[in-house]
Amino acid sequence: MRPLLALAVILALSPASLSAQAPAAASAQADWRRDGVDDRVKAGLTSLGWRLEDDGRALDPKTKAPVTKAVLDKAVLDLRQGARRAALETVNLMLSTGKPLQPEDRSKIETLAADLPPGLADAILDPASDMNKVKAMADAGLARVADYFEGSRTLADRQAAAQPVSAGTPGPRVDLPYYTASERSVGEKIQASARAEIGRDPFGKTVLSRLNVDGKPDLPPFVIEDQSNGVVAQYDYRRRAVVLDREAVLASVVGTVPPRQASALRASLSTRAALMSYLDSQPEAVAAVVKDNDAVIVHELTHAWQDRRDPIFREMARGNIPDVQPLEYEEEAYKTKNLYLRSKLKNDPVSVKMNDDLVDYEMMTNGVELWEQGLFDGIEGASPSRAIPLKGVRAIEAARLERVRNRAVTTSEEQRAKALDLQALTRGNRQLTDLESAHAKRMAALNPSIENAQKASYRDLGNYYLVQALRADRAPDRSTYLDRAETYAKASGNKALIEEVLQAKEKKQ
């Protein structure tokens, strides 16, 4: 989520060629601290489910076993090539319009420069460049990186990817996200706590019901890992799990003890094992994690619902749709999170945290259209090569499809591979079109419920800030909250609330 959540995406990584390794060195156990894994690569590997241990071992997300240097090198190279492919597809999409670059386009290209082939960004931004040559340069770069991925796919991979999508569709997903029994125990306790906390709210019950299996909410697994750039949580579609940031979890845990004990507790929970052991034995700490992050979790559960409802994430996992962050999915998740907050403000205002999620809700309440534009701009700015509207995703998918159509073949096996790729990409393109239409209908039904409830939302916000003022210990805070309460009360037109706020302000004098 923006600004605190991520979206389920691989962080862009700077391209770099990996030097050839001697067979003995390549077969040695990997040590990620030594083998070219900087912070950005670490974040990307973690987003794919890798576990990078403090002792340098790199644990495979599927086998949970330490890998060799050669395996880690290949994973890092795949990651970098994937980042280059995403950057090139974004640039090619921008160049395909034939229109002059706008300031925001130039800024995006500057951001993507490290992921593009050497010299391409400079050529694009140079007013003296021959744009036909620049486009040819970008297209050639994309062809090379596409060939890298196509060359690593077997006929069996293509046959699996071409199978119709279903709940049990095969693909490179990780069945069990946990690495230890302790992690699984903690994950299940967080899952149960989230079900209870979110289920206390009427709209929260609706969110949970969307994940029902046999009439009961079936929430995805919860894992705790180191996230980057202030990300509190994300839905990882490869593992079908909600990932919570370890630092955010630790902050909630430390907040359960008096301030004088906080430093000592934080120090004692510095390792993953210590934090897991503490959470496993302290139910109140688990409850605090969920209470502090329930709105964030609602956002991520919406992505889990999208994953089960639509084939898009399943097709991404199989490589049939670009690995992107559809802005429309984020729009739905943010609106769902805000409707959850709206329900809490109405039914249990004391439980609402005064944080960035509340600010986002207030911005949406003040005007959906302006809020949406700010939301999209923020997400695209944070992830320029991955955060793309469905229209752009369809254009990238169509370009991939055309590239495969034009792919030369000489053998019957190559012809079979091409036919399977065309089948998979054609279906992916159709699914994207279907999603774009379905999303428009969903938002057309949802938006009026936001816009028509504006005055009621202002009333609830006015009451919320009045409650906060009456509970405030510091006089400056009380004054600030009363001013906000008065602003919202007047906007709501609720005479009783206006009078109540004014009386509270008079008592303050």
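**Close-up views of a predicted model**

**View 1. A bridge pair in the small sheet.** In strand 7, D236 finds its bridge partner in A241. This is a predicted model, and this first stop is a good place to get your bearings. Strand 7 covers residues 241-245 and runs antiparallel to strand 6, with four bridges joining the two. Strand 6 itself spans 233-236.

**View 2. The whole sheet around strand 7.** Step back a little and an open sheet of three strands appears, in the order 5-7-6 and with mixed pairing. Which strands lie at the edges? They are strand 5 (222-225) and strand 6 (233-236), each of which pairs on one side only. From one strand to the next, the twist averages 30°.

**View 3. Helix 10 meets helix 11.** Here helix 10 (residues 246-254) packs against helix 11 (residues 259-268) at an angle of about 140°, and their axes are 9 Å apart. The two helices are therefore oblique to each other. Their crossing is right-handed. To find the contact, look for E247, L250, A251, V253 and V254 in helix 10, which meet A262, L265 and R266 in helix 11. Sorted by class, this contact has six nonpolar residues, no polar ones and two charged ones.

**View 4. Helix 8 meets helix 12.** Now turn to helix 8 (residues 181-199) and helix 12 (residues 272-281), whose axes lie 9 Å apart at an angle of about 45°. That makes helix 8 and helix 12 oblique to each other, because an angle of this kind is neither under 35 degrees nor within 65 to 115. Helix 8 and helix 12 cross in a left-handed way. On the helix 8 side, the contact is made by S182, E183, S185, V186 and K189, while helix 12 brings R272, M276, S277, L279 and D280. What is the mix of classes in the contact of helix 8 with helix 12? There are three nonpolar, three polar and four charged residues.

**View 5. Helix 15 alongside helix 19.** In this view, helix 15 (residues 327-347) packs with helix 19 (residues 412-451) at an angle of about 25°, and the axes are 11 Å apart. Helix 15 and helix 19 are therefore roughly parallel to each other. Helix 15 passes helix 19 in a left-handed crossing. Helix 15 contributes E328, Y329, E331, E332, K335, L339 and R342 to the contact, and helix 19 contributes L435, H439, R442, M443, L446, N447, S449 and I450. By class, the contact of helix 15 with helix 19 holds six nonpolar, three polar and six charged residues.

**View 6. How confident is the model, and where?** Across the chain the mean pLDDT is 90, and 93% of the residues reach 70 or more. Which element has the highest mean pLDDT, and which the lowest? Helix 15, already met in the view before, has the highest at 98, whereas helix 1 (residues 23-27) has the lowest at 65. Over residues 2-21, pLDDT stays under 50. For residues 2-21 the model has 74 contacts beyond four places in sequence. A friendly word of caution fits here: where pLDDT is low, the predicted coordinates should not be read in detail.

Key. Residues are numbered from 1 along each chain as its sequence is written. This is a predicted model: local features need pLDDT of at least 70, side-chain atom pairs count only at pLDDT 80 or more; totals for chains, interfaces and linings use all residues. Side-chain values use heavy atoms; hydrogens and water are left out. pLDDT is the predictor's confidence in each residue, from 0 to 100. Contact means heavy atoms within 4.5 Å. Axes are lines fitted to C-alpha atoms, for helices over the stretch in contact, and angles run from 0 to 180 degrees between N-to-C directions. Angles under 35 degrees count as roughly parallel, over 145 as roughly antiparallel, 65 to 115 as roughly perpendicular and the rest as oblique. A crossing is left-handed if the near helix is turned anticlockwise from the far one by less than a right angle, and right-handed if clockwise. Ala, Val, Leu, Ile, Met, Phe, Trp, Tyr, Cys and Pro count as nonpolar, Asp, Glu, Lys and Arg as charged, and the others, Gly among them, as polar. Two strands pair if DSSP finds at least two bridges between them.
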